[in-house]
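Colleague: Please take a close look at one part of this model, the open sheet in chain B. Then place that part in its setting, going on to the helix packing and the contact between the two chains.

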2 protein chains.
Amino acid sequence: MRLSQNITKTLKDAPADEQATNAKLLIRGGFIHKEMAGAYSYLPLGLQVIENIKTVVREEMNALGASELLMTSLQAKDSWVISGRWSDELVDIWFKSQLKNGTEVGFGWSHEEPIMMMAKSLVKSYRDLPISVYQFQTKFRNELRAKSGIMRGREFIMKDMYAFSRSADELNEFYERTKEAYLKVYKRIGLGDNTFVTFASGGSFTQFSHEFQTVTDSGEDTIYLDRSKRLAVNEEVYNDEILAQLGMKKDHLEKVKAAEVGNIFNFGSIKGEQMDVYFNDQSGQRQPVYLSSYGIGVSRLMGVIAEHFNDQRGLIWPTNIAPAMVYLLAIGNSKTIEAADKLYNILTARGVAVIYDDRDVRPGEKFSDADLMGIPWRVVVSEQFIKNGLYEVKSRSNNTPQQLRADALIKLVKSGNLKRAS
Amino acid sequence: MRLSQNITKTLKDAPADEQATNAKLLIRGGFIHKEMAGAYSYLPLGLQVIENIKTVVREEMNALGASELLMTSLQAKDSWVISGRWSDELVDIWFKSQLKNGTEVGFGWSHEEPIMMMAKSLVKSYRDLPISVYQFQTKFRNELRAKSGIMRGREFIMKDMYAFSRSADELNEFYERTKEAYLKVYKRIGLGDNTFVTFASGGSFTQFSHEFQTVTDSGEDTIYLDRSKRLAVNEEVYNDEILAQLGMKKDHLEKVKAAEVGNIFNFGSIKGEQMDVYFNDQSGQRQPVYLSSYGIGVSRLMGVIAEHFNDQRGLIWPTNIAPAMVYLLAIGNSKTIEAADKLYNILTARGVAVIYDDRDVRPGEKFSDADLMGIPWRVVVSEQFIKNGLYEVKSRSNNTPQQLRADALIKLVKSGNLKRAS
C-alpha cells in the first residue's frame, strides 16, 4: 500500500497515560489507536498482523478437524445461572446491560456455557460425536485495571475452541493433539523457543489445566521453568508435593516472569452433567458429553510479540506475521521515484506485500519509520545503484545492506515466509 | 467437509417463537443458532456465507482505495456527548454498561463519533487527505422488538466505511464512485436486479441520504419505485415537492415493500465542525474535514437473500455466496462409497468446496437436506452410473439431472463462480 493514501501515521509520542511497552510501540508505529484504557482499535497495519496470526491459528485448528463458527457476544442470563457463573461475586469481570423490557443480558467474556446450550440442541447420539468447533471472537472483560496495553484488554480478540467427546479417552486424545497444535502455532509466529507448556490450576474441574507461557519480563505470571524438559509449573500450583507428582526437580527450575499465551482445559463430564448435555451411546444408554476448551488470546499474542521483538529503534516483526514484507522508499529525483513506482508494481504483482513510503517527507524520516514499523526488509531506490539496475536491500534485524537485482530481491524477501510447520 | 464430522445439523422445526422466514430456513438448514431474540450464532455453513459476502464487499471497498481497520465495540462516553448522541432520548438503542470505577461505557451501534475522534488525532494537513477506511464490525442495537430474524438483530455484522475529504467536491466524487461500488456488490451476490438506489431522509445534515433497497415482501420499508429509471423514493420523503425536485412522475411509480441493504450518508463539513476535526489546507488555512459514511448490513444481506431465494423445499443460494458448490452423496454399497470418497478428494484438490454427506442415514434424508441447505449442485454417486465413470449432477434450481464424467462435472460446477463485476 502507498503510505500517502493510507490512514497509517507514525507518532513521535504515545499518549501520556500509556504505560505498556507493547502499546507505546504499537501506537507510535501506527498499528493501534487507543479508544480508552484497555480498548484499542486496530489500524490497517495492526489488523493485518491480527489477520496473519489468525491465519496461522486457523490452519492449525482446521488440521485438527475443527470447524470455525461465530457465536454471539450478547449472552442470555439463563445458561449462566445454571452454572452459577452469572453471579458478579463468582465472576467479577462481567459487562452487563438490559434489554428494553428489563431483561438482563451479558457480554461474552467466555463462551463455555452458551456452547454447551448449543450442543444440547445439536448433539443427541454417539453418531453426532466427537466434534470440535472454534471461533475468533471479541471478548469483553471488565478488568479493574487495564495497564498492560493489548496484553490484557477490556475488549480483546480470542480464539476459543470447544471439543465434545464421548469419553475421557476420546477427550484426552484430542487434548494431546491440540497441545502439539498449539506448540506449532507459537513456533510459526516466532515465539516457539520461548514458549513452554506449564502446569496450572485446574479449578474445580480437574487437578491441572495447561497454560502456554512465553518468558518475558513484561509477563504478569511467575513460572518455575525446567528449560531442558521444556516444561514449567505456574506459581499457583508450585509446591513440593506437586513437583514430586510431576517428577520435576526443584534445583532444575528457574523462576521467571512469563505471559500466558494459551490455556487449555479438561472439564471431563462435569459440565455435561451440570448443564444436562447428554447423548445416547451405542447401547442406547444416556451419557454425559465430555467437554474440553482451548483458548489463545490473539490480540494478546500480538502484544507479547511487540514486547519481545523490538530494539531502541522500534518493532521487529517475525516474518510470518509481519504486516508487510518490504518497506520501499526512493531517495532523490523523479527518476528514482519512477523506478520505485515500477518496483512497487512488480513486487505487488509477485505477491509481495509492500509498504511504499511515497510521502513527501525527508529520507531520514522514512528510514526511521521503516525501523519503527519493524518491516522485515527495507528496500531503497537510489540514483547510485539504480543506474546499474540494483536496489539496496537491508534486513530489519541486520545492519548490512546488499545491492540486488529485482529477481534476486524477490527471491530473498520471499524466502523469509515460513511455510506451515509439519 | 464431511457432514458426519461437523456440528452442522438440519432440523425438522425451527424454534416455536421464531417468526421470520429467513431465520426459520437458516435454523432448519443448519446455518444459524438462536441465542435469544435478535441474537444468532453463525454455525460453520452460516459463517461461510457471511465470509463470502464479506469477500465481495471487501474487494469492492479495496477497489475504491479504502483500507480495512477494526475499531472497538466499547465506546467512551466523551465523544458521544459532544454530538449529543449519548442521550438515550436521542438514540434509543444504546446498550450501556459501567466500568468498575463507575464510568459509563457504551457498546457501538455506530462508529461515526469514534472515527471522528481518531481522525482528529491522525489528520493534520491536506497531505493526510483524502482517506477512506472501513471495517466489518459487530454492532449492538437495543431494539424494542426483534422479530425479523437476522434482518434486524440486536447484534449484527455491518460493513461501515468512512471517507474524509478536503472539500464538498472531493466528497461528492467519492460518494458517486461508492454508489457504483455498492451496485456492483449487490449484483455480485445475486440481488442486482431487485435492488434500487432510493432517496431517503438526510436527517439534520443534508436533504437526502441514499438507501439501497431490495424489493421483497418481508421488507420493513415502503418505497415508490420507478423501475425504468431504477430509482426509488422512500415513503418518508415521498411528496409532490420532492418528486418534482427529483424529476420523478407519480404515475410511473410502484408502491412496494423493500428491505434496506445499504445506506450512504453525506455529512458535509458539519461533523468536522461539531467535533472540531480540522486540517490545514495548502495555504495554511484551517478547514473542517468533510465526512461521508457508507453502511452495508452484512448479516442482514444474508437474511434478505434467504427471504428472496427459496422454495417449498428450502434455500437456494446464489453461487457467489453459497457455503459450498457441491452437495455430494453416495447411494448404495461400499463400491459407491469408495467412488464418492475418491470424487470428494478430487473435487477438494481442484478447489471446489464440497459438503460430503457421508452420514449413515437414508438417501431420502440426504436428498431433502441437499435441497433444504440450498447448495447449487447436487452430485449423486450410484451403482447405475458409476460403472461407466459417470456421476449424476443436478442444479438446485433445475430439476433435470445430467450424467457427467469428473472433468466435465468440475468444469460445470466451476463455471457458476461469477468473477468480479467489472
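Modeller: What follows goes from the sheet to its helices, then to a helix pair, and last to the two chains together.

The model is a predicted one. In chain B, five strands form an open sheet in the order β20-β19-β21-β22-β23, and the pairing is mixed. Its edges are β20 (354-356) and β23 (402-404) of chain B, each of which pairs on one side only. Between neighbouring strands of this sheet the average turn is 30°, with direction ignored.

At the β20 edge of chain B, the partner is β19(B), residues 326-330, and the two strands run in the parallel sense over 3 bridges. Within this pairing, B:L328 of chain B is set opposite B:Y356 in β20(B).

Two helices of chain B can be described against these strands. Helix α9 (residues 334-349) of chain B lies across β19, β20, β21 (377-381) and β22 (391-395) of chain B. Its direction is at about 160° to that of β19(B), and an angle over 145 degrees counts as roughly antiparallel. Helix α12 (residues 406-415) of chain B also packs on the sheet, where it touches β19, β21, β22 and β23 of chain B. The direction of α12(B) makes about 15° with that of β22(B).

The corresponding part of chain A can be read alongside. There, too, an open sheet of 5 strands has the order β20-β19-β21-β22-β23, with mixed pairing. The edge strands in chain A are β20 (354-356) and β23 (402-404), and the twist from one strand to the next averages 25°. Strands β19 (residues 326-330) and β20 of chain A are parallel and share 3 bridges; A:L328 has A:Y356 as its bridge partner in β20(A). Helix α12 (residues 406-415) of chain A packs on this sheet, touching β19, β21 (377-381), β22 (391-395) and β23 of chain A, and makes about 15° with the direction of β22(A).

Elsewhere in chain B, α2(B) packs against helix α8 (residues 298-308), with the axes 10 Å apart and at an angle of about 115°. The two helices are therefore roughly perpendicular to each other. Their crossing is right-handed. On the α2(B) side the contact consists of B:V49, B:I50, B:I53, B:K54 and B:V57, which meet B:V298, B:S299, B:L301 and B:M302 in α8(B). By class, the residues of this contact are 7 nonpolar, 1 polar and 1 charged.

Helix α2(B) leads on to the contact between the chains. In that contact, 43 residues of chain B touch 43 residues of chain A. At least two residues each come from β1 (32-36), β2 (39-42), α2 (44-63), β3 (67-68), β4 (74-76), β5 (95-98), α4 (112-122) and β7 (131-140) of chain B. The largest share on the chain B side is that of β2(B), with 4 residues. This side holds 23 nonpolar, 11 polar and 9 charged residues. Because 100% of the interface residues of chain B are also interface residues in chain A, the copies meet through the same surface.

As for the symmetry, chain B is superposed on chain A by a rotation of 180° with 0.0 Å of shift along the axis, at an RMSD of 0.0 Å. The two copies are thus related as by a two-fold rotation axis. Among the residues of chain B, B:S97 comes closest to that axis, its C-alpha being at 2.8 Å.

Methods. Residues numbered from 1 in each chain as written. Chains lettered and ligands numbered in written order. Predicted model: local features only at pLDDT ≥ 70, side-chain atom pairs only at ≥ 80, totals over all residues. Pairing = 2+ DSSP bridges. Axes fitted to C-alpha atoms, helices over the stretch in contact; angles between N-to-C directions. Contact = placed C-beta atoms within 7 Å. Least-squares fit on C-alpha atoms with pLDDT ≥ 70 in both. Nonpolar A, V, L, I, M, F, W, Y, C, P; charged D, E, K, R; others polar. Parallel < 35°, antiparallel > 145°, perpendicular 65-115°, else oblique. Left-handed = near helix turned anticlockwise from the far one by under 90°.
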